[in-house]
There are 2 protein chains.
Amino acid sequence: MAKIIVAFQPEGKRVQLEPGTTLLSAAIKGGVDLTSICSGQATCGKCRIIVEDPTAVNEITEEEVQRLSQAEIEKGVRLACCTKPNSDLTVKIPETSRTGKQQLQVEGIETPIQLEPNVKKYYLEIEIPTLEDAKSDVDRLVESLQNAQGLPDLQVNFNLIKELAKKLRDYDWKFTAVVWKNQIIDIEPADTTSRIFGYAVDIGTTKLAGYLIDLTTGIVVSAGSLMNPQIPYGEDVIARLNHPDQNKLQEVVCEGIDKILEELVEKTGVKREEIYEMTVVGNTVMHHIFLGIYPLYLGRSPYPPVVRNTIVIPARDLKITINPNGPIVVLPTIAGFVGADTVGVVLATEVYKKDEMCVALDIGTNTEIVLGNKEKLLAVSCASGPAFEGAHIQFGMRAASGAIEKVEIDPETLEAKYTTIDNEPPIGMCGSGMIDLVAEMLKAGIIDVGGIINQNLVHPRVREKDGLFEYVVVPASESGTQEDITFTQRDVSQIVLAKAAIHSGFKLLFKRFNLKNEDIQTLYVAGAFGSHINKESARMIGIFPEIDLNKIIVVGNAAGTGARMCLVSEKAEILAEQLSKTVQYLELGIDPDFQKVFLNSNIIPYADLDEFPEMSQKLKELGKYPENPPPKF
Amino acid sequence: MAKIIVAFQPEGKRVQLEPGTTLLSAAIKGGVDLTSICSGQATCGKCRIIVEDPTAVNEITEEEVQRLSQAEIEKGVRLACCTKPNSDLTVKIPETSRTGKQQLQVEGIETPIQLEPNVKKYYLEIEIPTLEDAKSDVDRLVESLQNAQGLPDLQVNFNLIKELAKKLRDYDWKFTAVVWKNQIIDIEPADTTSRIFGYAVDIGTTKLAGYLIDLTTGIVVSAGSLMNPQIPYGEDVIARLNHPDQNKLQEVVCEGIDKILEELVEKTGVKREEIYEMTVVGNTVMHHIFLGIYPLYLGRSPYPPVVRNTIVIPARDLKITINPNGPIVVLPTIAGFVGADTVGVVLATEVYKKDEMCVALDIGTNTEIVLGNKEKLLAVSCASGPAFEGAHIQFGMRAASGAIEKVEIDPETLEAKYTTIDNEPPIGMCGSGMIDLVAEMLKAGIIDVGGIINQNLVHPRVREKDGLFEYVVVPASESGTQEDITFTQRDVSQIVLAKAAIHSGFKLLFKRFNLKNEDIQTLYVAGAFGSHINKESARMIGIFPEIDLNKIIVVGNAAGTGARMCLVSEKAEILAEQLSKTVQYLELGIDPDFQKVFLNSNIIPYADLDEFPEMSQKLKELGKYPENPPPKF
């Protein structure tokens, strides 16, 4: 059968495909920016596109009728995952279906660390072989280095051995040896001891961050980031680990990591061969997919990881172009849902050496909380879900241009004041905006502590539509999409569910240690999302306990900081492996109190309002404190 | 330009080639059996072929005119390496240019050794993960095995990790773990502990030998061999290491090793996945080429090897199909011309644990001699050259069908009685035949102890041709080539030179230890060639000192035995690495006596005839003892 040509607008990208292929597959194939959260399962409804000629595609499906409004259907809106062209056609991708140029936070806390990298260089001039002394080139190299530097038990990388004879003679026996741990991985002509670089990578479900580090100083020379190129294959970890073509997911993430590096080396003039080690962090699913480890059981109860330990593999095996003999060190994981990124956060925040109790929190689709001190550390994973990333929220989106990121609601007029990313006209709201919204709606009396929209409010901003109450955040006249941007009862509930999952984690961890809020010395909030949220709003709605705001420290991409620390310090790498064993994973689901705590956490901020005295006081001042205490289980 | 078709007869093999390609390249490309020693340098003159239509090829070259007789040129004989076809043609390969179906000795001494293989299997039934115990699959596997068997510090092969989650569940948590050293390399469904195999390989310059070993008993299940497929690329190690396409040489030898294995598994029903380790020996050039190590400097003074140590690489990296996670263990070398095969011989002969002085001798293009006992071992390499393999000998050939392998000369009639390999009509002579010839010619008075043909002999068997004296071994009437098969003055000198090189090695080793012939408890003669020579002839012409014939023990392919021992015993493998360091290499060229000893060794058996009393007595009995003592330096 003849191929069909699809032109995606506004890019004008033309993609050739076989009849029977969906437009989502075509967009992925063509590298067209089109959101999909459910990976083509027709459940997320995010891959809306507009088909100009309805006769060029299959008829609308049952799933689409459920997901799309009548107005949308009339305008030619379809779900790309359900639409299969039968002849050439043009497809429009609306702005709301774009992944967008996402805010990609790469900065993380700088944790002071002694410079002791695994990679070292030594300049040598060695004796040439003679008939009296014709020992092997490898023995000559190793003995020279041992004699000059007192290094014991040196090995030589096998790929270097293959070329060693030629290199030694081409370099006239004067060269710089590159040593990684106890392995000589390369030799270079003349004295290159001033040039040693490493590459630290944080593989996030949403974004990749890469850091080029000068290992003679420990300083970040340049950093860059990229959307995780796996996103078109599924937005969340569950969609990714269920994807049938794991090799492809591995390939695209490695390409992405290499692409960031390309920018970094172009910007800095560092050569790829001068990068001798790469360290990697990521959640357990990202970790397994990156390494080509069968990930399916990470998604099935009881969710064991395949491997916990630190993994070292040659960069060449993953086609990531650093020095060809350089290793990739992938930090260890803790559990199926507490990954190498959490190990990085623990390293960076140094909670493992605190006298007082501290918490490290990394909010995401899965939210990890590590609580403890130098005596003991417990980790939990909370199934907070993708609501903060915009999924299952009618006007939800990720932190991209045009996303509402801050909101204040005037308690008198109920009008919303907001700011958007890049100051673009609003097209939706991202996580930090939604958290503000819930807090502000509560303070304004639009919702109560049960998260229910006050149906008795008579106000143009609060209305019922198709049997569902909603708050109009942005009227169509101000909106970038010429539509009202609203926050519905269902959206509020989604956010409350997400926060309930996280709060339950805190609650059960506190119970284990028998702690009160005031016992916490510091709460470290890690991750890109954590860097953008309004600490007060987040605390008000009970994402975390009512800890003194001054004790809450935003640490940015601390996972990336952990990866960098392992490049800069061999001790940090060893410590990471130890931490992956000593940090104990606590499975929330098996705590007998879990169900009760979770239900109580569905109250904003918590069924027992006394645990939030500041917040209670605020509501009282505003006259919004509930007359009857909320139900408590 | 159009392709040219060459048909090689008698096979009838048709090869397509570009104009400008030599017939030697075409033969190699087509897998046609055609000898070449110099690897296409037009110096060995061995790749003689017959072109039927002289207009179909380039004109005869200067090099060919030098190498070919007028009669040959008239018959259309050309050197394949100098001949380039310009149109389709038929080429005949005479029997004398065939590598032939060579005698391939695989049997070696059986050295008793305790069964302690590196590969072990353990059957396990392990607890399934639960929410209470969701440790990683790797930790679960390792801990189960540690608890059941008390194995410490276990690692899991990374390629197994990739598939571990699926395998554990597919096997319902009941499986056999395959452990190599401290690494779990595979798991298999149910109980397979009775099936453990290994593959030992000896890469000879001329032949490959492979041994399939049952590692539950240590017994050789089956053995096979093959001509080294590198031969068409150059017959000796120097031609091989100088070959421009090292990747090709590596590829064909790996294919050859895999081909032997194919026969062994077909014959025995053992599955390739049940072979968990492969061990390899070979001389240093074979070792380096097999591993893809740049070999060029092995051929340049001072001839250092690139690497001495034991090398372990995954079999999959060399595309040799044993268990995909099984390692290849390549035994260590000692020096540039004392390779892993010598380490194998030392292991097999156990000279390293003798109280008395012993010698291990492996005769070849390079002849290695190891002398010593449990206190000290010295190794030398003697540049004996390829004469014993037939190179530079007019009617020399390797030990293939039709080669004269045994000769007796009637001292009265000077007629030769001979036997040939496979009892085929004689077409040339192999090494053992030539050694007999020199000894018999000496006893018959055809040559003197200086190796000079007696020009005063009036006899139809001893004649002058083109200014060169020669002995007619086989008259044309008996010969498989319808030509006289002769042994010329130049041939005698080649054999004497070869034996002088070896004898010098003995002499200088004896000097180092201050030994007399009677101090030697045992002389082990290893290798296929050593298994075929007549010990008495070899001793008579001075290949080795006059040691009691009962003390000379032929041990066959002892190098292969060494490789097998390293499969069967982890201690043997460790010992091999130790021996490669403790056996001291003695460079003959720098011994101040070398030149003198070498010149004296050019006398048959040695300038000092008193060192060979038995042989002297024999000559006296035959009336051939020299009247004047030979010159001595």
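**Exercise 1. Place Leu371(B) in the predicted model: which strand holds Leu371(B), and is the residue buried or exposed?**

Step 1. Start with the secondary structure. In this predicted model, Leu371(B) sits in strand β17 of chain B, residues 367-372.

Step 2. Check accessibility. The relative accessibility of Leu371(B) is 0%. The cut-off for buried is under 20%. Leu371(B) therefore counts as buried.

Step 3. List the contacts, leaving aside neighbours within four places in sequence. Leu371(B) touches Met357(B), Cys358(B) and Val359(B). Lys376(B), Leu377(B) and Leu378(B) are also in contact with Leu371(B). Further along the sequence, the partners are Leu509(B), Phe510(B), Phe513(B), Leu515(B) and Ile520(B).

Step 4. Add a backbone distance. Val351(B) is 20 residues from Leu371(B) along the chain, and their C-alpha atoms are 8.0 Å apart.

**Exercise 2. Decide how many disulfides the structure holds, and test Cys47(B) as a case.**

Step 1. Find the nearest cysteine sulfur to that of Cys47(B). It belongs to Cys81(B), at 3.8 Å.

Step 2. Apply the cut-off. A disulfide needs the two sulfur atoms within 2.5 Å. Cys47(B) is in no disulfide.

Step 3. Give the total. Over all chains, the count is zero.

Step 4. Look at accessibility. Cys47(B) has 2% relative accessibility, so Cys47(B) counts as buried. Cys430(B), at 4%, is buried as well.

**Exercise 3. Describe the interface between chain A and chain B: how many residues are in contact, and what area is buried?**

Step 1. Count residues. Chain A brings 35 residues into contact with 35 residues of chain B.

Step 2. Give the area. About 3,200 Å² is buried between the two chains, and carbon and sulfur atoms give 71% of this area.

Step 3. Name the main contributors in chain A. Leu131(A), Phe158(A) and Val306(A) lose the most area to chain B, together 19% of what that side buries.

Step 4. Turn to polar links. Two salt bridges run between chain A and chain B. Asp139(B) and Arg308(A) form a salt bridge, with their closest N and O atoms 2.6 Å apart. Ten residue pairs are in polar contact between the chains, both residues at pLDDT 80 or more.

Step 5. Assign the chain A side to elements. Those that give two or more residues are α4 (137-149), α5 (158-170) and β14 (311-314) of chain A. The largest share, seven residues, comes from α5(A).

Step 6. Sort that side by class. The tally is 21 nonpolar, five polar and nine charged residues.

**Exercise 4. Work through salt bridges within the chains: which parts does each pair tie together?**

Step 1. Note the total. Over all chains there are 66 salt bridges.

Step 2. Take Glu18(A) and Lys3(A). Their side chains meet at 3.3 Å, N to O. Glu18(A) is in the loop between β2 and α1, and Lys3(A) is in the segment before β1, so the pair ties together parts 15 residues apart in sequence. Glu18(A) is partly exposed at 40%. Lys3(A) is partly exposed at 41%.

Step 3. Take Asp355(A) and Lys374(A). This salt bridge has an N to O distance of 2.5 Å. Asp355(A) lies between α9 and β16 and Lys374(A) between β17 and β18, both in loops, so parts 19 residues apart are tied together. Asp355(A) counts as exposed at 54%, whereas Lys374(A) is partly exposed at 48%.

Step 4. Take Glu415(B) and Arg461(B). Here the N to O distance is 2.8 Å. The loop between β19 and β20 holds Glu415(B), and the loop between α10 and β22 holds Arg461(B), so the pair links parts 46 residues apart in sequence. Glu415(B) is partly exposed at 37%, but Arg461(B) is buried at 6%.

Step 5. Finish with a network. Salt bridges link Asp133(A), Lys135(A), Arg140(A) and Glu143(A).

**Exercise 5. Find which backbone oxygen lies 3.1 Å from a polar side-chain atom of Ser616(A).**

Step 1. Locate the residue. Ser616(A) is in helix α17 of chain A, residues 613-622. Ser616(A) is buried, with a relative accessible area of 4%.

Step 2. List the contacts beyond four places in sequence. They are Leu609(A) and Tyr625(A).

Step 3. Identify the oxygen. It is the backbone oxygen of Leu609(A).

Key
Residues numbered from 1 in each chain as written. Chains lettered and ligands numbered in written order. Predicted model: local features only at pLDDT ≥ 70, side-chain atom pairs only at ≥ 80, totals over all residues. Heavy atoms only, no water. Buried < 20%, exposed > 50% of the residue type's maximum accessible area, 1.4 Å probe, protein only. Contact = heavy atoms within 4.5 Å. Buried area = accessible area lost by both parts, 1.4 Å probe. Salt bridge = Lys/Arg side-chain N within 4 Å of Asp/Glu carboxyl O. Polar contact = N/O pair within 3.5 Å; in protein donor to acceptor, adjacent residues only side chain to side chain. Helix = DSSP H or I, 4+ residues; strand = E, 2+ residues; numbered from the N terminus. Nonpolar A, V, L, I, M, F, W, Y, C, P; charged D, E, K, R; others polar.
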